[in-house]
Amino acid sequence: MNILIVDDEPSIIRALKPVLTALSHDVFEAATGSAALQMVRQSTIDIVLLDLGLPDADGSELIAPLKDEAGASVLVLSARHLEADKVRALDEGADDYIDKPFGMAELLARIRVIERRRKQESDGTATIFQSENLRVDLARRQVTLMGEPINLSPKEFAIFGALVRNSAQVVTQRQLMIAGWNTPLVDGQYLRSYIALLRDKLEEDPSYPELILTESGVGYRLAEQMTPVRRT
Amino acid sequence: MTFKPPSFFVTTGIFVAATVGTHLAQTVDRPITAVLIYLTGVIIIAVHSGMLAAIMGAVAASGIYNFFLSEPRFEFGVTTVDEAIPLIAFNATALLTGLLVGRLRDSVERARTAQTESAFLLTVSDRLQRALQVKDVEGAMRGLLPSQYIQSVKIFIADGDYYFRPSTGEIELCPMEPLLEDVGTNGKKGAIVLELVGARGPLGIVKFRTTEEYGSQSNLTDLQSVSALLALAIERCLLLEEVAETQLQARSEALKNSLFSSISHDLRTPITVMEAASGALSSPDVDLSQEQRDSLLSSIIEQCHRLDRYTTDLLDVGRIQAGLLPETQTMDLSEIAMSAIRQIRAAHPTLDVRREFSADPAIIAGNPTLIEQAIANLLDNASKFANEDPVTLSVKAANHFVELSITDQGSGIKMADQERVFERFYKGRNEGSKAGSGLGLFIARGFVEACAGMLTVQSPVEGGRGTRFTMRFSPATDAVDERVEVSS
């Protein structure tokens, strides 16, 4: 994978570069927004690690060009308290975010998820996703948990489908509202109610969710990594 | 001096008696006795009725003595020195005695007035002693009025370009305003304005509204005494306030120093450890076993986490102190609590959190990240005192409030320390090595309050043990009906 690190702090690039290189990624670097855009036009970049606080640009404004022009996936690096910035970046199309400071293991896990998703996308649009315990057929609207079929209402399925398609990645409340109601202007209460209903049906202990996790102030994340399966 | 009827009759009676006595003495040919009797009468009149009556008596006595009693009778005229002496004696005695008596009376009167005044001033001073704040001075004085020609009193303290009335907070922008108001509104009643001067210079002004009897110079002196007492009391109150302020400043200075040393210790320690460990790892002179290298690396990672937690805490404190208003959205407190439990389980895998969630959704308006952090901080705090015992996290949703409480079964917090635990950098005595930054509870309360909630502590909870922290919010008012049609 070609990974571009966009951060104006050289020591962060210095710390990340040897690890990513050791994992046989090609690492590119840019300290400013304009340098980053130039870099994606020159080289093929798969993943951009984007710091939102750049000296010359608002990081979230870079996301659309990075994704649309270069077809790169974007992993946002952001401070913990700036939920609004994170949500904006995610709604602009960023694939995921990670709070600074982060552990290397966590960063590598996020990169792996993005990596896997990029492969899936190039495989064509899958409609069946599977993990150890869970199997979801998006076309037939079937969900099987530990071999047991689970009945979901159409709206529950629409919301759950958005989580499945972005498994192991955060999905913002807005994205889930669009998935469920075709509009982001839904009272957050409705979304919470449907998440609760989904948890009732899918979680072992709904009051202690392990599958559909809350990302406070941002959205939800399906904890399980789903892999696409070719229809036989 | 006016003649009052009884006094006039008494005086006349004395005069008539003296005249009759003198006549009797004269008829038995005792001229000296006769003169002495008349003289005595004049003295008695002088003592009794004062100067004017005495002189009138003396003149009348001279006339009667000269015309009726002394030779030649029934005609005026002084032929011998013997005849002149009594006349002079009557008048001189009357004059002198009258003067003396008058003076005596005046001084008695003055003494009485002075006594009333000083009693009044004493009471004023006594009352003013009790005022501890400038705003109380006027009230202390007002309790004594009306008295001593004073109807009412208003105190204004100079403050830059305007005058400020501490008792009411009213402000006079124009310095002359207090002078003009009230004056001449009612005939004899008037206002006297005096400057209040303390030992360190002018303080302001006092305005007395006076009663009708007010007028003479001596009353003005009284008002000056009263205003001097007021100035004294005000200055004393100002000094008390200054002392209190200085003490507060000294305390906050001491607090700042202890904060600073606490911060620098908590920041330096992890840096020191990391520097030493990484120095050892990179030194070509030190020959380390793989086990030793691993141990040094893990201590670097551990100190990184510690430093991260601490800077996060300090930034949170900064947020609270800067009063940054969080973005608000509605959320289910139970859902946020579950998130917080997940977060804390990563740091304390052995902590046993028992959940008691109400069946109803606990919807509040707030910032989910802040509330999650507040709950996580409370759980982290509970983990230090829980030992092996479970910690209970309960969420209650009632009509008028939504409540989340976290209860541990530790040894509890002494009543005296219960509010102090929310102070910055407060660390419990028994925390020992588990002590954190001393900021967790301060941050929890700050975040809960930033979301319009309340965070309180209760200890002991049961059987003399345990601590319970409770956060309470108003339910979100714009909550929609929770029942959702599943078939939609």
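Two exercises with worked solutions follow, on a predicted model.

Residues are numbered from 1 along each chain as its sequence is written, while chains are lettered from A and ligands numbered from 1 in the order in which they are written. Local features need pLDDT of at least 70 and side-chain atom pairs count only at pLDDT 80 or more, whereas totals for chains, interfaces and linings use all residues.

**Exercise 1.** Determine how many residues chain A and chain B each bring to their contact, and which element of chain A gives the most.

*Solution.* Two residues are in contact if their C-beta atoms, placed from the backbone, lie within 7 Å. Chain A supplies 21 residues and chain B supplies 24 residues. On the chain A side, α4 (83-91) and α8 (188-202) are the elements giving two or more residues; helices (H or I, at least four residues) and strands (E, at least two) are DSSP runs, numbered from the N terminus. Of the elements, α8(A) gives the most, with 7 residues.

**Exercise 2.** Identify the strands of chain A that pair with β12(A), and give a bridge partner for each pairing.

*Solution.* Strands pair if DSSP finds at least two bridges between them. Strand β10 (residues 170-172) of chain A pairs with β12 (residues 219-222) of chain A in the antiparallel sense over 3 bridges; here Thr172(A) has Gly219(A) as its bridge partner. Strand β11 (residues 212-215) of chain A is also antiparallel to β12(A), joined by 4 bridges, and Leu213(A) is partnered by Arg221(A). Finally, β11(A) and β12(A) form a hairpin with 3 residues between them, and Gly217(A) in the turn has a positive phi of about 80°.
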